[in-house]
Amino acid sequence: LDLRASRGFPSINLYDKGSEFVIRAEVPGLTEKDVSVTVNQDVLTIAGAREDDAPEGYAAHRRERVPARFSRSFSFPSPVDMEKVKATVSAGVLTVRLAKAAEAQPRQIAVKGE
């Protein structure tokens, strides 16, 4: 089964927090070994697989959690710093933090009176 053809797995939220982009993706039952994150020229790709979890030697009477592979890619409206990308997975949620490149970060301009 290929989950790329489905409604968009995993479901994601993408936030712009000023100095960084944050992506949160629902990956229930998956660990850091099951998910990969790559960034190439401001395009982030989340890919992974859910393997067969039926115990060996048992017959399945019902299977709704089938083995599957997925891949989703996202581009960003401004450059990211490839050296400052962090990804963690906890409680079924993958969080990816992508620091914006220095030239893309908002700057505060001091206003002086004359």
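User: Before we start, what does "buried" mean here, and what percentage of the chain's 114 residues count as buried?

Analyst: Buried means that a residue has under 20% relative accessible area. Keep in mind that this is a predicted model. With that cut-off applied to the 114 residues of the chain, the share that counts as buried is 27%.

User: Okay, which elements make up the chain, helices or strands?

Analyst: Let's walk along from the N terminus: the elements go β-β-β-β-β-β-β. The helix count is 0. So what the chain has, going by the definition of DSSP runs, is 7 strands.

User: Is the chain spread out or compact next to the globule rule, and what is its radius of gyration?

Analyst: For 114 residues the globule rule gives 13 Å. The chain's value is well over that, so the chain is more spread out than a compact globule. The C-alpha trace spans about 80 × 25 × 25 Å along its principal axes. The radius of gyration is 19 Å.

User: Which strands each supply at least two residues of the largest nonpolar core?

Analyst: In soluble globular proteins, nonpolar side chains tend to be buried together. Here the largest nonpolar core has 15 residues, and Ile-23, Leu-44, Ile-46, Phe-76, Leu-94 and Leu-98 have the most contacts inside it. The strands that each give at least two residues to this core are β2 (20-26), β4, β5 (68-75) and β7.

User: Which Phe residues does Ile-23 touch, leaving out residues up to four places away in sequence?

Analyst: Ile-23 is one of the core residues with the most contacts inside the core. Its partners beyond four places in sequence include Leu-44, Ile-46 and Leu-94. The Phe residues among them are Phe-74 and Phe-76.

User: What about Arg-50: is it buried or exposed?

Analyst: Arg-50 sits in strand β4 (residues 43-50). Beyond its neighbours within four places in sequence, it contacts Leu-30, Arg-65, Val-66, Pro-67 and Ala-68. Its relative accessibility is 18%, and the cut-off is under 20%, so Arg-50 counts as buried.

User: And Ala-91, what is its phi, and where is it?

Analyst: Most residues other than glycine have a negative phi. Ala-91 is not a glycine, yet its phi is positive, at about 55°. You'll find Ala-91 in the loop between β6 (80-90) and β7 (93-100).

User: Is Ala-91 buried or exposed?

Analyst: To count as exposed, a residue needs over 50% relative accessible area. Ala-91 has 83% relative accessibility, so it counts as exposed.

Conventions: Residues numbered from 1 in each chain as written. Predicted model: local features only at pLDDT ≥ 70, side-chain atom pairs only at ≥ 80, totals over all residues. Heavy atoms only, no water. Helix = DSSP H or I, 4+ residues; strand = E, 2+ residues; numbered from the N terminus. Rg over C-alpha atoms; globule rule 2.2 N^0.38 Å. Buried < 20%, exposed > 50% of the residue type's maximum accessible area, 1.4 Å probe, protein only. Contact = heavy atoms within 4.5 Å. Core = buried A, V, L, I, M, F, W, Y, C linked by side-chain atoms within 4.5 Å.
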